Amino acid sequence: MTSRHGTPVTFDTFGGFYHAGCIDRPGRKAVLLLAPFGYEELCTRATWRALAENIAAAGHACLRFDYPGTADALDPVGDPDGISDWFVAARHCMAFLREYNPGIELVLVGQGLGASLAAQLGAESPDVAATVLMAPLVKGRSYLRELQAWSRMLTERMGIGPDPLADNGYGVAGFPLAGSRAAAIQSIDLTQTTQSPSAKVLLVERSQSSRDSSIGNHLKTLGADVSSIDYAGYEMILQDPTPAEPQLGTLRRIVSWIDDLAHLPMAGVNVSAKEMEPARPIVGPRFEELPVRFGPDERLFGVLCRPLDRKPSAIAVLANSGRDYHVGWGRATVLQARALAERGIASFRFDAGGIGDSPASASAPAEVLYSEEQSADVRHAIDYVEKLDAGPIALVGRCSGAYAAFQVAVQDERVRNVVVINIMRFVWDPRETVAEAVLSAHRTISGSVAMLFRKESLRRVLAGHFRVKAPVIFVLKRLVRIISSSAGQIPAGESDQTLYREGHRRFQILESRGVRLAMLFSEGDHALGEFRTYMGRKGNQLRRYPTASVSIIPDADHNFTHLDARARLTNVLCDVLAAPSSLPFRA
C-alpha cells in the first residue's frame, strides 16, 4: 500500500519515505534524496518533503531516508566508524530504488553534507545519470569551521553559552557531531576528486557572498555538463525551523531540470514496479518503533514507540514545538520516547499538518501554530493511539505544542494526563498575533535585554538591519505580567480579567475530571510569567487544583539545548508519566 504523501519504509536500523511516482511516465527516473545534517536538516525537513512530493508529482520515483544515528534511526553501538555507515545506508537505498524500479536511471540529490555524499556515491555508480548538489559541502575543513560559527551564533541568539558537556564545538542547536564523524568529514575535499559523479550535474548555489565556485569549475575539468541555479532563500530557511518554509520556486526548477534529462533506457530489462511491503518495526535495545501514516487521507505522519516484549502501562502523544518536526529540538523527542519505553510507557511522536513530514490540509490557515487545525491533528493522533489499547492516554508538548496539548486535554475526555513544558499561553489572547508569540520564544527576558544592548545588535539597529520593535514589546509585556503577578493581583483590565477567568475555568475542568496536569518550566524562562499570571508569584492558586503540579528544571534554556538540560527534562518527564500521583510543587 502506498501513500501519495510518501509511504514509510524501514531498513533494519533506519527508515525513510518512498514515492512510486507514475510507472508509465516516459523518461521516468528514480531519485534518491540525501539530506543535510543536524540543525540544517531540522530546518529543511519540510523542504525535503515538498521536494519529494514535487518529484513524485512529475512522475518520478523518489526515496528519502534518515542516516543512522540521526532523526528516527537507531543510534550506533559505540563510536561510529566515521561516516561509513551513512554511505552503507545510502547504497542500501540505491539498491532499493533499483529493486522497485528496474530499468530506469538513478538521480542523486543532496544538500550540504548530503550533497558531498551524493557526489562521492555518483562517482562509484555507473547507473547514476545525474546529480543535483544543493549548497554542497565542498571542503570538510570549511564545513566544520562553519558549524563552529553556527553554534556560537545560535547560542548567542538564545542567550546561552556553549554546552559544557559537548566534546567539540561542532554541535549546533543540540545536535552533536561525534569526533569520529567530524574526522571523516574533515578529510572531504570534492575539488580533489578524479571522477565526476555523473555526466550531468546541477549546482544549486548559495548567495554570491557564501558560494564556493571551485566545485563547478573542477567538475567541468572532469568532463561533466554542469548547470547552476541560485538557491533562493537558503539563508532564510536556516535561521530557524519555525519560520522556515520550502522555497517552492527553487524546488520546481530542480524538478524541471530532472524532467529535461535525456532518457537512456537500459536494454533487456522490463520496466515495472514491485509491490510495496508494509514497513516493519525498527527494533532497538529496549524498544521498537513503527513509522505510520494516519488521519484523514493518511496525510499525517507519526512514529509509534513501544516497550520491547511487554505491554505498556500508558501511552503519551508527543506534540510538535513550533515547526520542529517530530524528532524535536536537538532530537530530544526521540530520546524522550525511547526513555519512556524503558519505563514501560509507549509514545506516539507525530507531525501536525504543515510541519515536518505531514503536509497541511487544503483548509489549513497560513499559520498552523496556535490554531484549531493543530489541535484537530492532536485529536487525530488520539484517535490513532486509542485503538492500540496501550493504557491511559497522556498528552505532552513544549511551547506551542504545550498550548495544543492543554487545549485538547480540556476538550477531550479520553485524555487522562497532560504535561505542558514551558507553556507560553494557557488561553489565547485575541489581541496578540502568532508572530508576537513565537518571535522571542527562545529568549528569557534577561536574554532579550542583553540582546538589545549587545554591541553587534546596536550596530545593526543603527544600520537599519535589526528589527528592535518586537523585542522591546516582548520585554515590556513580560515585565507588566511579572509586576502584576508579583503583587498577587488579579489582572485589572476587562480583557485580562476575561482571560484570567477562562484560564481558571479550564484548570477546573481538568480538576473535575481527575486529569493530572504537570507543568514543567526551565528556571528563569519567561513562560513562568504565564504560570504566575494565573497561579500567583508563589503559586498559591495552585492549591485549588490538587491534581496539578509544577516543577522547575534548573540550568536549562527554553528549548533545553544543552545535553545535561535535555537529560534532566527527560528524567522529570519519565517520573511524571510513570508516577501514580503528581509531582510536588517546587518554587
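Which strands does helix 3 lie across? I started my notebook with that one, and I found helix 3 lying across strand 3, strand 5 and strand 6. Its direction runs at about 150 degrees to strand 5. A reminder to myself before going on: this is a predicted model.

**Entry: the whole chain**

I looked up the overall tally next. The protein chain has 18 helices and 17 strands. It holds 587 residues, and 58% of them count as buried. I also checked how far apart in sequence the touching residues are. Among contacts with a separation of 6 or more, 76% are between residues 24 or more positions apart.

**Entry: the sheet of eight strands**

I went back to the strands under helix 3. In what order do the eight strands of this open sheet stand? I read off 1-2-4-3-5-6-7-8, and the pairing is mixed. At the edges I found strand 1 (7–11) and strand 8 (225–230), each pairing on one side only. Neighbouring strands here are turned by 20 degrees against each other on average, direction ignored.

I picked one pair to follow by eye. Strand 5 (106–111) and strand 6 (128–134) run parallel and share six bridges. One spot to click on is glutamine 111, which stands opposite methionine 134 in strand 6.

Helix 2 packs on this sheet too. I listed its strand contacts as strand 1, strand 2 (14–19), strand 3 (30–34), strand 4 (61–65), strand 5 and strand 6. The direction of helix 2 makes about 160 degrees with that of strand 3.

**Entry: helix 2 meets helix 3**

Both helices touch the sheet, and I wanted to know how they meet each other. At what angle do helix 2 and helix 3 pack? The angle is about 65 degrees, and their axes are 11 Å apart. I noted the crossing of helix 2 and helix 3 as right-handed. From helix 2, the contact uses Trp86, Phe87, Ala90, Arg91 and Met94. From helix 3 come Leu113, Leu117, Gln120 and Leu121. I sorted these contact residues into seven nonpolar, one polar and one charged.

**Entry: helix 5**

I then turned to helix 5 (179–186) and asked which of its residues are buried. They are Arg181, Ala182 and Ile185. Viewed down the axis of helix 5, these buried residues fall within an arc of 100 degrees, so they line one face of the helix. I checked what covers them, and the cover includes helix 2 (84–100), helix 3 (113–123) and helix 4 (140–158).

**Entry: the sheet of nine strands**

Further along I met another open sheet, this one of nine strands in the order 9-10-11-13-12-14-15-16-17, again with mixed pairing. Strand 9 (282–283) and strand 17 (548–553) stand at its edges with a single partner strand each, so one side of each has no neighbour in the sheet.

In this sheet I traced strand 12 (314–318) and strand 13 (345–351), which run parallel and are joined by five bridges. Isoleucine 315 has alanine 346 in strand 13 as its bridge partner. Helix 16 (494–513) packs on the sheet, touching strand 15 (415–421), strand 16 (516–522) and strand 17. Helix 18 (563–578) lies across strand 12, strand 13, strand 14 (393–398), strand 15, strand 16 and strand 17. I noted that helix 18 runs at about 170 degrees to strand 16.

**Entry: strand 10 and its hairpins**

How many residues of strand 10 (287–294) are buried? I counted seven of its eight. On one side I found strand 9, antiparallel to strand 10 over two bridges, with a hairpin of three residues joining the two. Isoleucine 282 stands opposite glutamate 289 there.

Strand 10 also pairs with strand 11 (300–307), antiparallel over eight bridges. Leucine 290 stands opposite leucine 304 in strand 11. Five residues lie between strand 10 and strand 11 in their hairpin, and glycine 295 in the turn has a positive phi of about 80 degrees.

**Entry: aspartate 324**

My last stop was the loop between strand 12 and helix 9 (332–342), where aspartate 324 lies. Is aspartate 324 buried or exposed? It is buried, as its relative accessible area is 5%, and the cut-off for buried is under 20%. Leaving out residues up to four places away in sequence, aspartate 324 touches Leu42, Pro241, Trp329, Ile355 and Arg398. I also looked up aspartate 351, which is 27 residues from aspartate 324 along the chain, with their C-alpha atoms separated by 8.8 Å.

Note on methods:
Residues numbered from 1 in each chain as written. Predicted model: local features only at pLDDT ≥ 70, side-chain atom pairs only at ≥ 80, totals over all residues. Heavy atoms only, no water. Buried < 20%, exposed > 50% of the residue type's maximum accessible area, 1.4 Å probe, protein only. Helix = DSSP H or I, 4+ residues; strand = E, 2+ residues; numbered from the N terminus. Arc of directions from axis to C-beta. Contact = heavy atoms within 4.5 Å. Pairing = 2+ DSSP bridges. Axes fitted to C-alpha atoms, helices over the stretch in contact; angles between N-to-C directions. Left-handed = near helix turned anticlockwise from the far one by under 90°. Nonpolar A, V, L, I, M, F, W, Y, C, P; charged D, E, K, R; others polar.
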